[in-house]
Amino acid sequence: MPLPNGFTVMLDRGTRVLDDGRTLLGGQPTRLMRLTPRASALLSGRALCVRDAASAFLADRLLATGMANPQLTALPAPATRGDIVPSCTYVIPVRDRSEQLARLLACIPFGSPVIVVDDASLAPERVAAVAAEHGARLLPLPVNVGPAAARNAGLRQVTTLYVAFVDSDIVLPPQTVPALMRHFADPSVAMAVPRITALTTDSSHGWISRYEHVRSSLDLGAQPASVRPGSPVSWVPSACIVARVDALLAAGGFDESLRVGEDVDLCWRLVESGRRIRYEPAVHAAHEHRAHLVDWLRRKTDYGTGAHPLAVRHPRDTATALLAPWSATLLVAVAAQRRWSLPVAAALWTTATLRIARTLHGTAHPLREAARLTGGGAVNSLAQGGALLTRHWWPATAAGCLISRRVRRAAAVAAVADVALEYRRNRSGGMDPFRYAVARRLDDLAYGAGVWLSAARGRSTVALRPRIAVRARRPRR
């Protein structure tokens, strides 16, 4: 089905308008889109409003390539009855946490369809009492099956068109779910997700909590995005999602064999089936992050243990780094730390710039645009290389530091540069640089340990491998 009239998209901030609107450069991966005079005239500045078949086709193409995002305020609002969205059921998986459950249920408009799935709580009577107090339907499970299976159990009981999965440690603003449902005006959208921010509580004033406020694994940033593997927003957490029930059922729901990473797996299966997922940071849900060091480290390690199961299911999408051939070679040359390293890196960058400039032939400043793209690619490859040393491959890095001065130097530079750039970006968190650096390194050590543990359990290195993105050559005619 085409996009409806009135549906408005805005060009992504990373999309560049060239040649007086005749050419667009951007998307994920970056591509060049040359517009016909008729198509160019459909754009009003950086906005495009669907008015006919031609504008619907162009808007859909911009969304599909990641060059544009829907303008949330211009999308039609869902039908509501007061504060209730009657076409949406809330499903809340919980195991104990009765106090957090009560806090969440108090946020949901009374009278909304709510299913509380009790995943074999140790004190089920408390969960039952809270559910009854707030008029929620209780679905008790006899054994603990994990969040994926608990959500699926609730999903099978949903009779509305849409479902909102909300974890019990979330506080949900009243406008979040109605705002996310606006995205379903696009018939291709299967799921919409808000930004997950940090909830301030009495126990959230320590240095770990302050770090999570600015560097949480669940917070995917302030820019709207289409969720797809290999892009800046390659997955979204299941802490709070709104989805089409038929799309989830067609996809088989969450993979119940996964205790970690089930949300990543579902996202990628939906995208593979041709569905779209929208990340919408204009609205948020507040998450109660772990505030105690041991619990926090354990959770970060748990995140890492999902690497191997995901790599088995999605080998092309799960990679410790994603590099173009030229940028991978540049990274190796710089890491070698030889006299020839910088000249070779400069030659690689120059060659890549000239090749990309040829693909931009016909634009106003092809060489300048190509240099901007390859400059960003070089910086990105160095950042990914640093992450390999300090995060994904740190056990190998630690071993290398014992025998190689070059490895020690590369690891030190990567660790310092990473903290310096991240701290500058996130300095509003109120942490001093030392505590921020310690938290950042502990974050990487815990996650990397989980990745290696996952690889050891699977007896495979697939979860540790980077991927070189080689474009397929066009067949000769």
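**View 1. Partial exposure of His284 in strand 15 of the predicted model.** In this predicted model, His284 has a relative accessible area of 30% and is therefore classed as partly exposed, a class that lies between the limits of under 20% for buried and over 50% for exposed. The residue belongs to strand 15, which covers residues 276-287.

**View 2. Surroundings of His284 beyond its sequence neighbours.** When neighbours within four places in sequence are left aside, the residues in contact with His284 are Pro173, Thr176, Pro194, Arg195 and Thr197. Although His284 and Val171 are 113 residues apart along the chain, their C-alpha atoms are separated by 9.4 Å.

**View 3. The largest cavity and its lining.** A search of the whole structure for cavities of 30 Å³ or more finds one, and the space in the largest cavity comes to about 40 Å³. Its lining is made up of Tyr90, Cys107, Ile108 and Pro109, together with Leu172, Pro173, Pro174, Val177 and Pro178. By residue class, the lining of the largest cavity holds nine nonpolar residues, no polar ones and no charged ones. Pro173, one of these lining residues, is also among the contacts of His284 shown in the preceding view.

**View 4. The parallel pairing of strand 8 with strand 9.** Strand 8, formed by residues 114-119, and strand 9, formed by residues 137-141, are paired in the parallel sense through five bridges. Within this pairing, Val117 stands opposite Leu139 of strand 9. Together with helix 4, which spans residues 124-133, strand 8 and strand 9 make up a β-α-β unit that is right-handed.

Notes:
Residues numbered from 1 in each chain as written. Predicted model: local features only at pLDDT ≥ 70, side-chain atom pairs only at ≥ 80, totals over all residues. Heavy atoms only, no water. 1 Å grid on protein atoms, 1.4 Å probe; cavity = no way out; pocket = protein on both sides within 12 Å on 5 of 7 lines; lining within 4 Å. Points joined across faces, edges and corners; volume = space filled by probe spheres on them. Nonpolar A, V, L, I, M, F, W, Y, C, P; charged D, E, K, R; others polar. Pairing = 2+ DSSP bridges. Helix = DSSP H or I, 4+ residues; strand = E, 2+ residues; numbered from the N terminus. Right-handed = clockwise from strand over helix to strand, strands pointing away. Buried < 20%, exposed > 50% of the residue type's maximum accessible area, 1.4 Å probe, protein only. Contact = heavy atoms within 4.5 Å.
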